[in-house]
Structures are given as structure tokens and as C-alpha cells.
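Colleague: Thanks for sharing this one with me. Could we go through it together, beginning with the charged pairs?

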Amino acid sequence: MNHQPVNTTTVTSFLPMVSVVIPIYNGETDLLHLINCLLSQTYPKDRVEYLLVDNNSSDRTFTILKTSAENCPITIHPLSENHIQSSYAARNTGIRAAVGEIIVFTDADCRPQPQWLDTLIKPFVNKEVVMVAGEILALPGKTLLEQHADREETLSQKHTLAHSFRPYGQTANLAIRRIALEKAGLFRPYLTTGGDADICWRILEENIGRLEFVPEAIVQHRHRATLKELQSQWRRYGRSNRYLHELHGVDLMREITLKECGYRLLRWLLKEVPRDIKKAIAGRATPVDFLNTPIGLFTARARTAGQRDATLPENAKIIDWL
């Protein structure tokens, strides 16, 4: 994985056809915001298509998609994936319908900034680059949980790009050359988590090119606001690691025991809380500082449970092909 400056003179005339694939499940509340972000993109409108794939939603998602496509100045293709309930299957449906030489991925609840596509595509002027990951920043959050995740940069690509096995980019902000998908295959359609790492690692294993990181290509994403949402998120991270262990042999995460949680909570109460009270009196601490340890333990336990309880379905090993 590299981050190298791009010669702006060289890329001025570099405008490949781009296909943006976005899976959507029950996304009617996000669609207006998403489409407004797509409308604001500075990449030439005649060089990009948007394939918005409804994944068997029970709300008005597909109806809104069709209406938006009819009345929009950008090219929107409303598609459906109703056979397999998986964002990866929906992405595969979009890839198969795409005409671009560069396939870009984001999610319905993401908010791409106007220069997103322009910036994300530029590194592909170098033929050695087959994947480009942009950065994922937080939307402004009001709850303590959102503020904690923002400070920890939970969604940042810097965590996945530094993975001990191999770097990978999250599909909330990732672009891949079509030729790489032709050689390494598409997403595993029955996989429910971990598919972004899996597809990046399979492409890197083919030794056809490298992964580039462009932190200036930004999408924003909202952090989880409730304990239930936070627990679900981190249990999914645990399941993902179990699945990637089965598929690629990555190490399992160390489990956080109840005994360890008890010790760290006692240390928090006796040492960290008094320290943070002093900082707060001096105006150098916030409520988020006080809750850093218990929130961290909560998410670690959720991740442990997800990894422990997960079983990779046999059909999740299947790879789709173009």
C-alpha cells in the first residue's frame, strides 16, 4: 500500500469511464441526501454512471430510485438484487451492469464530498494502481457514543490499511479496476461481513498491481448512536475476523475475559476517573474522556462474542465471476 503524490499535469486529460455501485437496503431516509451528494460531484457527468442496487428492501427504496432516475441530470440506473440478502450480492449485480473501467463503491448512508470522485480516480493514471481507498470521516454526532467513535476514528481506513495480514480498503470508499475483478473474481455473494477485506486480498494475491490510499478523497459516515447499534457493529467486526480466519488464515483476535474487564473497570474507577476529574476542573477533559474505558471494554466484549459465536456458512466460500 502506497500514498504517492500525483502529477496534476499528467492527470488533467485522464477521465476514464467510472461506474459507482451503491447497495441499498431500506434506505429511503438516506436516498435524498445521497443523491444530493452524487449531484454535487465535480467529476464530468458524462463520464460517470451511478448503479443504485436495492437489496430486497421492505420500504419505498426502489420506488424512490426509479423516480430519481427519471428526473435526475446525472445517470442513475436503479437495479434490484432480490435473490440473496447481502450487500455483496447487491454489489455484484451492480458490477455486472456497469460499463466503467473503474468500479467505485460507497454505501447509501455515506455522504461523499464534492471532490470525492475526482480525487479517488486520479491515482489510476498509474497503470500499477489497481485499487484506491479514500478516507472515511464522521458526520457530526451529538451522542457520547458518536463523539467517542469520532475521537477513536473508528471508521478510518487507517485501521484496515494497517491490517497485520494485508492492507485493505473498506467498501464505503473504495475503487477497483474492472480488470482486477475479472482476474480475481467478484464478491462472495453469500458472505455477510468481511467481503471488503476478502476481495482486496484476493486481488493483491494476483500480483497485478497495488493498493493506493488517497486521504483527500473523503466520504462521511454517521457513527452508531445507541448501545444496541454499537454492540451490533462490534459483534459484526468479530464475525468478520472469524470468517477471514477461515478464508485466509488470519489470526483470531485475543478474547477479552470478564476477569480482565473487572480489573480494568476497577482501575478506571480508582485511577482514571480521579485523574479526569482533575483535568475537567482545569478545563482539559470532556464527558467522553470519562467514558473512554467502559465504552472500549463494551465494544471489545461485543467483538469477542461475535468472533466466538460465528460460523462461516459453506456457501459463503463461493466467489462470483464476471
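Modeller: Gladly! A salt bridge here is a side-chain nitrogen of Lys or Arg within 4 Å of a carboxyl oxygen of Asp or Glu. This is a predicted model, where local features need pLDDT of at least 70 and side-chain atom pairs count only at pLDDT 80 or more, while totals for chains, interfaces and linings use all residues. Residues are numbered from 1 along each chain as its sequence is written, and side-chain values use heavy atoms, leaving out hydrogens and water.

Colleague: What is the N to O distance in the salt bridge of aspartate 289 and arginine 151?

Modeller: Side chains of opposite charge can pair when their charged atoms come close. Aspartate 289 and arginine 151 meet in this way through their side chains, and the N to O distance is 2.3 Å.

Colleague: How many residues apart in sequence are the parts that the pair of aspartate 289 and arginine 151 ties together?

Modeller: Helices (H or I, at least four residues) and strands (E, at least two) are DSSP runs, numbered from the N terminus. Aspartate 289 sits in helix H12 (residues 287-309) and arginine 151 in helix H6 (residues 144-152), so the parts tied together are separated in sequence by 138 residues.

Colleague: Is arginine 151 buried, partly exposed or exposed?

Modeller: Buried means under 20% relative accessible area, exposed means over 50%, and partly exposed is in between (1.4 Å probe, protein chains only). Arginine 151 has 39% relative accessibility, so it counts as partly exposed.

Colleague: Which residues do salt bridges that share partners join into one network?

Modeller: This network is built from salt bridges with partners in common. Its members are Glu128, Arg210 and Glu212.

Colleague: And what is the N to O distance between arginine 210 and glutamate 128?

Modeller: Arginine 210 is buried, with a relative accessible area of 15%. Its side chain and that of glutamate 128 form a salt bridge, with an N to O distance of 3.0 Å.

Colleague: Where does arginine 210 lie, and where is glutamate 128?

Modeller: The pair ties together parts that are 82 residues apart in sequence, so its two ends belong to separate elements. Glutamate 128 is in the loop between helix H5 (116-121) and strand S6 (129-138), and arginine 210 is in strand S8 (residues 210-221).

Colleague: How many salt bridges does a search of the whole structure find?

Modeller: One of them joins the side chains of glutamate 28 and arginine 60, at 3.8 Å from N to O. That pair links distant parts of the chain, 32 residues apart, with glutamate 28 in helix H2 (residues 28-39) and arginine 60 in the loop between strand S2 (48-54) and helix H3 (61-70). The number of salt bridges found in the whole structure is 18.

Colleague: Turning to the overall fold, what is the radius of gyration of the protein?

Modeller: The protein has twelve helices and eight strands. The globule rule (2.2 Å times the number of residues to the power 0.38, with the radius of gyration taken over C-alpha atoms) gives 20 Å for 322 residues. The protein comes close to this, so it is as compact as a globular protein of that length, with a radius of gyration of 21 Å.

Colleague: What share of the 322 residues counts as buried?

Modeller: Helix H4 (residues 87-97) is a good place to look, with eight of its eleven residues buried. What covers those residues includes strand S1 (18-24), strand S3 (76-80) and helix H9 (195-205). Across the 322 residues of the protein, the buried share is 51%.

Colleague: Which residues is asparagine 92 in contact with, leaving aside neighbours within four places in sequence?

Modeller: Asparagine 92 is found in helix H4 and is buried, at a relative accessible area of 0%. Contact means heavy atoms within 4.5 Å. With those neighbours set aside, the contacts of asparagine 92 are Leu186, Phe187, Pro189 and Asp320.

Colleague: Last one: which residues does threonine 293 touch, not counting those up to four places away in sequence?

Modeller: Threonine 293 lies in helix H12 and is buried, with 10% relative accessible area. Its C-alpha atom is 7.4 Å from that of leucine 265, 28 residues apart along the chain. Beyond four places in sequence, threonine 293 touches Arg264, Trp268 and Glu272.
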